[in-house]
Amino acid sequence: MSINSGHEIILVIDDNPTNLEVLHNALGSFGYEILVEMDGFSGIEQARSYLPDLILLDVQMPGIDGFETCRKLQADPSTKSIPVIFMTALTDTTDKVKGLQLGAVDYITKPFRQEEALARIQTHLKIRRLSLELEQQKKELEQVVQNRTAELTCTLQELKKTQLQLIQNEKLSTIGQLVSGIAHEINNPVGCITGNLEQATLAVKDAVDYIRLYQTKFPNPGIEIEQKAEEIELEYLLDDLPKMFFSMQTGIERIRNISTSLRTFSRADVDFKVSVNIHDGLESTLMILQHRLKAHDYRPAIQVIKKYGEIPKVECYLGQLNQVFMNILANAIDALEEANQGHTYEGIKANPNQIIVKTQMKDEHQVAIRIADNGRGMTKDIQHRIFDHLFTTKPVGKGTGLGLTIAHQIIVEKHGGTIEVNSELGQGTEFIITLPIV
């Protein structure tokens, strides 16, 4: 039998001094550290204090017997894992089974057979050591898995952010190039028309003045001229011609405003922030969405109620911020279109579709932009997931699940602001964006 060198602690609980002496001498010679107690209560306290590697427990003791002592040790989380070997002179199988059912790992029958007792003790101490080593390895493995999982989670998040950034940059670049190109192409003919229209307006005015002067100097020009004047409705033409040119100037001015809105919306200031009026971005976005807001055969126009407050300019990436406004406003229109299903034109007219755009100071350091609709609203579950990567409530083919995720990234990570959603079923939805002033 090999001699132990691990200095394991063995607690012996026995009310018989002779047994204690025999076990102390026998086990001590093998290098074990021996603790002794003569009753169950003291043994339990000793076990809690020193947490021995093994407990030798006598069955027959005053106070509480070995069975009750074992039950209490097993019920205590701090001592539950300590192996217990019963020492008994009983040969009744029922008692042995009872001890094992209470949690004991083995039993030694009195009087002791030293070789057998030491063999059993060493076997269970070895099992105890292996169990502790296994538990330690398990904890270390769990820690390794936990660390690795954290690393992989972090890597996955970084990949998602990179993917969103690439998508965002690609969208901004594509939209910027497209819209900038369109605005440039519009500006060339608009500039040409504007210049010529100004000269044409002056020329028409001169021609009208000349004809009026002619009518004054020659009130009776002759039958042929009078018939021609009546045929072409000269008086109506002279009155209406300046109005037509004014209308053309108004139309050209609107085209110029649209071109300006396109340029404002498409600004991709990805390298540095610029100080801008947030209202300009909102107005340019609403201008681009005008075709979706106007009346259709199946519904009246969507009312856009603007409640712009007195707010200072904000340093931001305007092109990216406009993309956020576009996503939220387009989603609001989608929500209203969905809410209109099953309602008549007159029914919608009685309870008109509305989008409210409000700006205000949240506090001295932040501005707030609130965009609300009176659509169907959304559930709490959807609200909690609305900014999640690839999450969408739209049918397959209509939503990518990236719009609001990118919006969240732009507001929170790029601008250091916040974006929240408040919604109630049947009442509508409101998005609240806050941006720092500096």
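This is a short walk through one protein model, from the overall picture down to a few residues.

Hi everyone, and thanks for coming. Please keep in mind that what you see is a predicted model. Let me start with the overall picture. The protein has 438 residues, and 36% of them are buried. Its secondary structure amounts to 13 helices and twelve strands. As for contacts, if we take those between residues at least 6 apart in sequence, 70% link residues at least 24 apart.

Now let's go to the N-terminal part. Here you can find an open sheet of five strands, paired in parallel, with the order 2-1-3-4-5. Which strands stand at the edges? They are strand 2, residues 33–37, and strand 5, residues 106–109. Each of these has a single partner strand, so one side of each has no neighbour in the sheet. From one strand to the next, the twist averages 20°.

Let's zoom in on one pair in that sheet. Strand 1, residues 9–13, runs parallel to strand 2, and five bridges join the two. If you want a residue to click on, try I13, whose bridge partner in strand 2 is E37.

Right after that comes a residue I'd like to spend a moment on. D14 sits in the loop that leads from strand 1 to helix 1, which covers 17–28. Is D14 buried or exposed? Its relative accessibility is 0%, and the cut-off for buried is under 20%, so D14 counts as buried. Its side chain makes a polar contact with the side chain of N19, at 3.3 Å. Beyond its neighbours within four places in sequence, D14 touches N19, L20, E37, M38, D58, M61, M87 and K110. You'll recognise E37 there as the bridge partner of I13.

That brings us to helix 1 itself. At the N-terminal end, N16 acts as a cap, with a side-chain oxygen 2.8 Å from the backbone nitrogen of T18. The helix has twelve residues, which at 1.5 Å a residue should span 16 Å, and the end C-alpha atoms are indeed 16 Å apart, so the two agree. Its buried residues are N19, L20, L23, A26 and L27. Why do we place them on the same side of helix 1? Because they cover an arc of only 145° around the axis. As a reminder, an α-helix has 3.6 residues a turn, so residues three or four places apart point the same way. On the face turned away from that buried side, you find the exposed residues P17, T18 and E21.

Let's move further along the chain, to strand 9, residues 354–363. Strand 9 pairs with strand 7, residues 303–307, in the parallel sense over five bridges. There, K307 has K358 in strand 9 as its bridge partner. Strand 9 also pairs with strand 10, residues 366–373, this time antiparallel and over eight bridges. These two strands, 9 and 10, make a hairpin with two residues between them. In that pairing, Q360 stands opposite A368 of strand 10.

My last stop is S423, in strand 11, residues 418–424. With 10% relative accessibility, S423 counts as buried. Its side chain reaches the backbone nitrogen of M378 at 2.8 Å. Setting aside neighbours within four places in sequence, its contacts are G377, M378, K380, Q383, G428 and T429.

That's my tour, and I'm happy to take questions.

Conventions: Residues are numbered from 1 along each chain as its sequence is written. This is a predicted model: local features need pLDDT of at least 70, side-chain atom pairs count only at pLDDT 80 or more; totals for chains, interfaces and linings use all residues. Side-chain values use heavy atoms; hydrogens and water are left out. Two strands pair if DSSP finds at least two bridges between them. Helices (H or I, at least four residues) and strands (E, at least two) are DSSP runs, numbered from the N terminus. Axes are lines fitted to C-alpha atoms, for helices over the stretch in contact, and angles run from 0 to 180 degrees between N-to-C directions. Buried means under 20% relative accessible area, exposed over 50%, partly exposed in between (1.4 Å probe, protein chains only). A polar contact is a pair of N or O atoms within 3.5 Å; within protein, one must be able to donate a hydrogen and the other to accept it, and residues adjacent in sequence count only if both atoms are side-chain atoms. Contact means heavy atoms within 4.5 Å. The expected span of a helix is 1.5 Å times one less than its number of residues. The arc is that of the directions from the helix axis to the C-beta atoms.
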